[in-house]
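Subject: Structure for you to look at

Dear colleague,

Here is the structure I said I would pass on. My notes on it follow below.

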Amino acid sequence: MSFVLFDKIRLLFKRNNIFSHENILQNQADVSKVYTNPNGIIDINDPAFFIEQSNVQINRLERMKDYDQMDEVGEITLALDLYADECSLRDPERNHSIFVKTASIRLKTEIEDLLYNVLNIDAQIRPIARYLCKHGDYACEIVPTSNRDGVASIKTMYMYNFTRVETKFGDLVGFFYQLPGEQPVYYHPWQVAHVRLVSFEQLYVPYGRSILDGARRDWRRLRLMEDAALIYRLVRAPEKRIFKVPVGNLPPKEREQYIQIIARRFKKHKFIDPATGAMNEKYAPHIQDDDYWVPVTSDGTGVEIDTLKGAENLDAIADIEYFKKKMISALKIPFNRVGLAQEGSDTGKTVAQQSPEFAKAIQWIQDQLIVGIKKIILVHLALRGFSVEDMKGFELSMTSASAIDELYRIETWASRVEIMGGLKELGIFPDEWIVEKFTDLTKDELSVIKRTMEMKQSEGG
């Protein structure tokens with residue numbers, strides 16, 4: 001991919017301050033604040049210039065392996081699915097999960113065509129959101145068209161092979177991506193959209209923090225508790241038998257040998273192997289290996305068999321439920337959504353409506369997704385030749401997962417209508433000014449509405 005192409009995009013955005021969500025090294029006004037060698041020139045070959053990646057990568061790989069194993073637990077799988085579903089809700093009226101607000105119909109049409117037709121964002125946003133929640137990061141390569149006149153697609157970059165290169169001062173230098181068995185490939189800062197659930201703890205910088213990270217400790221303890229409980233049930237649950245075998249007046253030295261012979265007769269069944277003609281002994285699984293064989297010296301007439309009961313407290317799992325609840329608490333998922341609450345506690349509401357903490361987490365994740373999608377759109381608009389005003393003149397939003405936000409929006413619109421009616425009655429404000437100030441309609445849309453109304457009035461007249 002042409003490095004010059006993306007550097008031209010970088011220069012355009014730098015001069016006009018279009019995208020301020022990332023501090024890019026090449027955009028620094030005062031380079032001395034970043035790093036200089038004795039000659040006053042940045043040396044990118046100096047390891048002291050960058051964040052030390054060795055320990056960062058080791059910690060990342062360890063965490064990601066834990067996340068993959070955690071995703072195999074039913075409750076955590078359900079939690080990730082709930083996060084992905086709530087983040088990617090489609091608005092029932094517009095039938096889309098991401099909406100565009102612009103000052104121009106042409107710009108709005110261009111962005112919507114990119115999102116809905118080229119990127120198919122309505123189908124892609126759910127797996128993207130799930131991957132982001134699971135790993136704390138999601139990265140994709142922005143692939144231009146062959147004619148360099150727009151964005152053709154986005155290509156997911158898996159976190160195990162992805163490296164973000166930053167200076168010690170938080171300035172983005174670029175990205176490396178290495179497929180198995182291949183050399184690492186360097187990517188321009190504007191060639192990759194890296195979405196992060198940002199955390200300022202040194203352990204995670206320069207990457208994001210997974211929503212599963214807070215549950216790792218309790219997940220490990222829960223796994224140990226479940227393994228211990230399983231071993232206990234396998235060992236203690238089976239019933240055991242005591243075989244009391246009369247040995248008469250046999251000397252003590254011969255009793256053990258005699259007991260072994262009797263035990264073998266119970267545990268093995270002799271038969272002649274037709275293939276070899278030799279005597280073979282077949283294992284009888286109905287006799288347990290851990291039964292007890294006890295010699296009896298009394299004059300009994302047969303073998304006396306008693307039964308030792310197995311463990312009777314196999315349903316005692318309060319300790320397992322305790323650690324499971326601690327694990328789920330870190331994920332902000334209500335207990336009744338994973339079968340840990342009392343029966344009848346399900347209110348029928350969505351998770352975001354039921355838990356304010358979960359709704360806030362969804363809003364935060366959606367905000368980070370919007371930042372990454374906005375970066376892709378800006379590259380597309382730059383390649384399409386749109387003006388700086390157009391690049392600054394659009395906003396993105398996603399469907400709110402909380403009913404509280406929806407009710408707030410309804411109340412807000414009711415208040416707007418009331419205010420607009422009051423201003424119109426005053427007679428000193430133009431109708432177009434009132435509608436433009438208190439609605440989301442653009443000037444172009446207002447012009448279309450005005451022409452439509454004029455045509456209807458002329459036809460009626």
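How are α5 and α10 oriented to each other? Before the answer, one caution: this is a predicted model. The axes of α5 (residues 121-135) and α10 come within 11 Å and cross at roughly 120°. An angle that is neither under 35 degrees, nor over 145, nor between 65 and 115 counts as oblique, and α5 and α10 are therefore oblique to each other. Their crossing is right-handed.

The residues that meet there are Ile121, Ile125, Ile128, Ala129, Leu132 and Cys133 from α5, and Ile365, Leu369 and Ile373 from α10. Sorted by class, this contact has nine nonpolar residues, with no polar and no charged ones.

The sheet beside α10

Helix α10 (residues 356-384) also lies across three strands, β2, β3 and β7, and runs at about 165° to β7. These strands make up an open sheet in the order β3-β2-β7, and the pairing is antiparallel. At the edges are β3 (151-157) and β7, each of which pairs on one side only. On average, neighbouring strands in this sheet are turned by 25° against each other, direction ignored.

Six bridges hold the antiparallel pairing of β2 (residues 137-144) with β3. Two positions give the register: Cys140 of the chain stands opposite Thr156 in β3, and Val143 stands opposite Ser153 in β3. The hairpin of β2 and β3 has six residues between the strands, and Arg148 takes a positive phi near 55° in it.

Val192 in β7

Val192 belongs to strand β7, which covers residues 192-196. Is Val192 buried or exposed? Its relative accessible area is 0%, and a residue under 20% counts as buried, so Val192 is buried. Glu141 is 51 residues away from Val192 along the chain, yet their C-alpha atoms are separated by 4.6 Å. Apart from neighbours within four places in sequence, the contacts of Val192 are Ala139, Cys140, Ile142, Met157, Phe162, Phe175, Tyr187 and Lys375. Of these, Cys140 is the residue that stands opposite Thr156 in β3.

The hairpin of β4 and β5

Phe162, a contact of Val192, is also one of the buried residues of β4. Why is strand β4 (residues 162-166) said to be largely enclosed by the rest of the structure? Five of its five residues are buried, so the description follows from that count. Both faces of β4 are covered: on one side Phe162, Arg164 and Glu166 are buried, and on the other Thr163 and Val165 are buried. You will notice that Arg164 and Glu166 are on the list.

β4 is joined to β5 (residues 172-177) by five bridges, and the two strands run antiparallel. Thr163 has Phe176 in β5 as its bridge partner. Five residues lie between β4 and β5 in their hairpin, and in the turn Gly170 has a positive phi of about 85°.

The chain as a whole

For context, the chain has 461 residues, and 39% of them count as buried. Its secondary structure comes to 14 helices and 13 strands. Among contacts in the chain with a separation of 6 or more, 68% are between residues 24 or more positions apart. The approach of Val192 to Glu141, with 51 residues along the chain and 4.6 Å between C-alpha atoms, is an example to look up in the model.

Regards

Conventions
Residues numbered from 1 in each chain as written. Predicted model: local features only at pLDDT ≥ 70, side-chain atom pairs only at ≥ 80, totals over all residues. Heavy atoms only, no water. Helix = DSSP H or I, 4+ residues; strand = E, 2+ residues; numbered from the N terminus. Buried < 20%, exposed > 50% of the residue type's maximum accessible area, 1.4 Å probe, protein only. Contact = heavy atoms within 4.5 Å. Pairing = 2+ DSSP bridges. Axes fitted to C-alpha atoms, helices over the stretch in contact; angles between N-to-C directions. Left-handed = near helix turned anticlockwise from the far one by under 90°. Nonpolar A, V, L, I, M, F, W, Y, C, P; charged D, E, K, R; others polar.
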